[in-house]
Amino acid sequence: MAGISDIFANLHRRRLDWSFRVYVKRIFEHRFSGSEGFTLEMVLQDSEGVRVHASVPKTSVNRWVGVIKEIKMYQMSFFIVVEKKHYIRFTNTRYTLLFSHMTQVVHVQEPSFPLDLFNFKSFPDLLSA
């Protein structure tokens with residue numbers, strides 16, 4: 001894996017060789033009505049605290065289900081970056097990371113930055129939203 005990690009703030013669609021050191025904040029299955037199978041959806045957080053939605057397509061789910069766990073840090077590389085097209089907003093970022101057959105994930109035993117699990121807001125911020 002690459003020694004240098006990218007950050008989500010620099011994310012764009014013209015590159016495939018991204019390498020991120022991230023926490024998996026949330027992971028869940030998205031089942032389709034009337035069809036078999038599901039996708040694996042994740043919310044990832046980088047060292048800057050930026051969160052991005054990542055998706056594992058149905059064809060690759062068996063490779064990753066049970067391997068990637070919540071609240072763990074991973075070095076993840078080689079994604080397809082796409083414009084967000086979901087009606088439900090998992091994150092505030094413009095892009096979604098799609099796992100491909102080339103995506104690599106390695107568990108990081110000793111995290112290099114803290115996980116910002118919660119995003120607390122003050123009462124004035126909540127009232128003005």
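Proline 114 touches Tyr23 and Gln45, leaving aside residues up to four places away in sequence. In this predicted model, proline 114 sits in the loop between E5 and H2. Proline 114 counts as exposed because its relative accessibility is 68%, and the cut-off for exposed is over 50%. Lysine 85 is 29 residues from proline 114 in sequence. In space, the two C-alpha atoms are 30 Å apart.

**The loop and the surface patch**

The loop between E5 and H2 also holds phenylalanine 120. Phenylalanine 120 has a relative accessible area of 73%, so this residue is exposed. Which residues join Phe120 in a nonpolar surface patch? They are Ile71, Leu117 and Phe118. The patch made by these residues and Phe120 covers about 450 Å².

**The segment after H2**

Helix H2 spans 123–128, and alanine 129 belongs to the segment after it. Is alanine 129 buried or exposed? Its relative accessibility is 90%, so alanine 129 counts as exposed. Alanine 129 and proline 111 are 18 residues apart along the chain. Their C-alpha atoms are separated by 34 Å.

**The nonpolar core**

In soluble globular proteins, nonpolar side chains tend to be buried together. Here the largest nonpolar core has 25 residues. Which of them touch the most other members? They are Met42, Leu44, Ile68, Met76, Leu97 and Phe99. Several elements give two or more residues to this core: strands E1 (19–31), E2 (38–45), E3 (51–56), E4 (73–83) and E5 (95–107), together with helix H1 (61–64).

Leucine 44 shows the contacts of one such residue. Beyond four places in sequence, leucine 44 touches Phe8, Val22, Tyr23, Val24, Val50, Arg51, Val52, Ala54, Met76 and Leu97. Two of these partners, Met76 and Leu97, are also listed among the core residues that touch the most other members.

**A buried histidine**

Histidine 53 lies in strand E3. What is its relative accessibility? The value is 0%, so histidine 53 counts as buried. Its side chain still has a polar partner. A polar contact of 2.6 Å joins the side chains of histidine 53 and glutamate 41.

**Salt bridges**

How many salt bridges does the structure hold? There are 6. The table gives three of them, with the distance between N and O atoms.

| Acidic residue | Basic residue | N to O distance |
|---|---|---|
| Aspartate 6 | Arginine 15 | 3.0 Å |
| Glutamate 83 | Arginine 13 | 3.8 Å |
| Glutamate 70 | Arginine 26 | 2.9 Å |

Take glutamate 83 and arginine 13, which meet in a salt bridge of 3.8 Å. Why does this pair tie together parts that are 70 residues apart in sequence? Glutamate 83 lies in strand E4 and arginine 13 in the segment before E1, so the bridge spans that separation. Glutamate 83 counts as partly exposed because its relative accessibility is 26%.

Glutamate 70 and arginine 26 form another salt bridge, with the closest N and O atoms 2.9 Å apart. This pair also links distant parts of the chain. Glutamate 70 is in the loop between H1 and E4, while arginine 26 is in strand E1, 44 residues apart. Glutamate 70 has 31% relative accessibility, so this residue counts as partly exposed. Arginine 26 has 43% and therefore counts as partly exposed too. Elsewhere, salt bridges that share partners join Asp6, Arg15 and Asp17 into one network.

**Aspartate 6 and its surroundings**

Aspartate 6 lies in the segment before E1. Is aspartate 6 buried or exposed? With a relative accessible area of 19%, aspartate 6 is buried, because the cut-off for buried is under 20%. Its salt-bridge partner arginine 15 has 26% relative accessibility, so arginine 15 counts as partly exposed. The side chains of aspartate 6 and arginine 15 also make a polar contact at 3.0 Å. Beyond its neighbours within four places in sequence, aspartate 6 is in contact with Arg15, Asp17, Trp18, Ser19 and Phe20. Two of these, Arg15 and Asp17, belong to the salt-bridge network with Asp6.

Conventions
Residues are numbered from 1 along each chain as its sequence is written. This is a predicted model: local features need pLDDT of at least 70, side-chain atom pairs count only at pLDDT 80 or more; totals for chains, interfaces and linings use all residues. Side-chain values use heavy atoms; hydrogens and water are left out. A nonpolar core is a set of buried Ala, Val, Leu, Ile, Met, Phe, Trp, Tyr and Cys residues joined through side-chain atoms within 4.5 Å. Buried means under 20% relative accessible area, exposed over 50%, partly exposed in between (1.4 Å probe, protein chains only). Helices (H or I, at least four residues) and strands (E, at least two) are DSSP runs, numbered from the N terminus. Contact means heavy atoms within 4.5 Å. A polar contact is a pair of N or O atoms within 3.5 Å; within protein, one must be able to donate a hydrogen and the other to accept it, and residues adjacent in sequence count only if both atoms are side-chain atoms. Patches are made of residues with over 30% relative accessible area and no salt bridge: like charges are joined within 9 Å, nonpolar side chains (Val, Leu, Ile, Met, Phe, Trp, Tyr) within 5 Å. Accessible areas come from the Shrake-Rupley method with a 1.4 Å probe; for residues, only the protein chains shown count as cover. A salt bridge is a side-chain nitrogen of Lys or Arg within 4 Å of a carboxyl oxygen of Asp or Glu.
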